[in-house]
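Let's take a friendly tour of the pockets and one strand of this protein. Have your viewer ready.

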Amino acid sequence: MPDPLILTNDLRKVYATDEVETSALNGVSLAIDPGEFVAIMGPSGCGKSTLLNLLGMLDRPTTGSYVLAGEEVGNLPERERAKHRRGRLGFVFQSFNLIDELTVFENVELPLLYLKASKAERKERTEAALDRVGMAHRRSHTPQQLSGGQQQRVAIARAVVAGPSLILADEPTGNLDSKNGAAVMDLLAELNAAGTTIAMVTHSPSDAEYAQRVVNLFDGRVVSEHVMAGEIHPPDPSTKGAMPESA
């Protein structure tokens, strides 16, 4: 078997103020293999988003180990963590996190600028990503001119444009109606079927059904996990990840 893409050991995160310490994670040990689709579930405040931020190297653990693709990365300085994020990780957030001052095309192109891709490559890959999520016709619009569903499509395109090996999704359907939410999940399932590893935080049991494994957190600890049974919602090949126009 291949080595895990993600391996954490006794991962802990404590937020401290002058008056109080809050333990967000209390010793999380977790392995995610290349090509897995893992859903992370639990009640509000259980540490799901904190764990995803640590896996995405957006924050550092207080103690514990985080090995990504065979390399210890948890306590690297920000400059080094940023280098590891580029091209390797794609992020999808509930709140979209698009840059209002940039067009749709420029938002999706941004990861390729960080990778110093050529202008021709940026144009080709950005247009392909927008076409994949059905947003090529909105390339010159700004985020404020889009609906929530359209903004999430753009965020998906930005996450995949550099061809990352790992996508981290934090409640990706949380601000979407059921139709657009299902389309987002179909696209994530398609990306996973093509080999992309996905770790997704969700409150939604129906979204979790797309995953191959569900990890349950409570009070900052892994309390259970199970492999999902049956076929995992394969995307309709006729849509090829296309998203509905509404919402």
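What follows covers the model, its two largest pockets and strand E3.

## About the model

This is a predicted model, in which local features need pLDDT of at least 70, side-chain atom pairs count only at pLDDT 80 or more, and totals for chains, interfaces and linings use all residues. Residues are numbered from 1 along each chain as its sequence is written, and side-chain values use heavy atoms, leaving out hydrogens and water.

## The largest pocket

The largest pocket has a volume of about 510 Å³. Here a pocket is an open set of points on a 1 Å grid over the protein atoms alone, where a 1.4 Å probe fits, with protein on both sides within 12 Å along at least five of seven lines; lining residues have an atom within 4 Å of a point. The volume is the space filled by probe spheres set on the points, which are joined across faces, edges and corners.

Its lining has 19 residues, with Leu 89, Phe 91, Pro 111, Tyr 114 and Arg 158 nearest the centre. By class, the lining of the largest pocket holds 12 nonpolar, 4 polar and 3 charged residues (nonpolar: Ala, Val, Leu, Ile, Met, Phe, Trp, Tyr, Cys and Pro; charged: Asp, Glu, Lys and Arg; polar: the others, Gly among them).

## The second largest pocket

About 170 Å³ of space lies in the second largest pocket. Helix H4 (residues 119-132) gives the most to its lining, with 4 residues (helices are DSSP runs of H or I, at least four residues, and strands runs of E, at least two, numbered from the N terminus).

## Strand E3

Strand E3 (residues 37-41) is largely enclosed by the rest of the structure, because 5 of its 5 residues are buried (under 20% relative accessible area with a 1.4 Å probe, protein chains only). Phe 37, Ala 39 and Met 41 lie on one side, with Val 38 and Ile 40 on the other.

E3 runs parallel to strand E8 (residues 197-201), joined by 4 bridges, and Phe 37 has Ile 198 as its bridge partner there. Strands pair if DSSP finds at least two bridges between them.

Notes: Buried means under 20% relative accessible area, exposed over 50%, partly exposed in between (1.4 Å probe, protein chains only).
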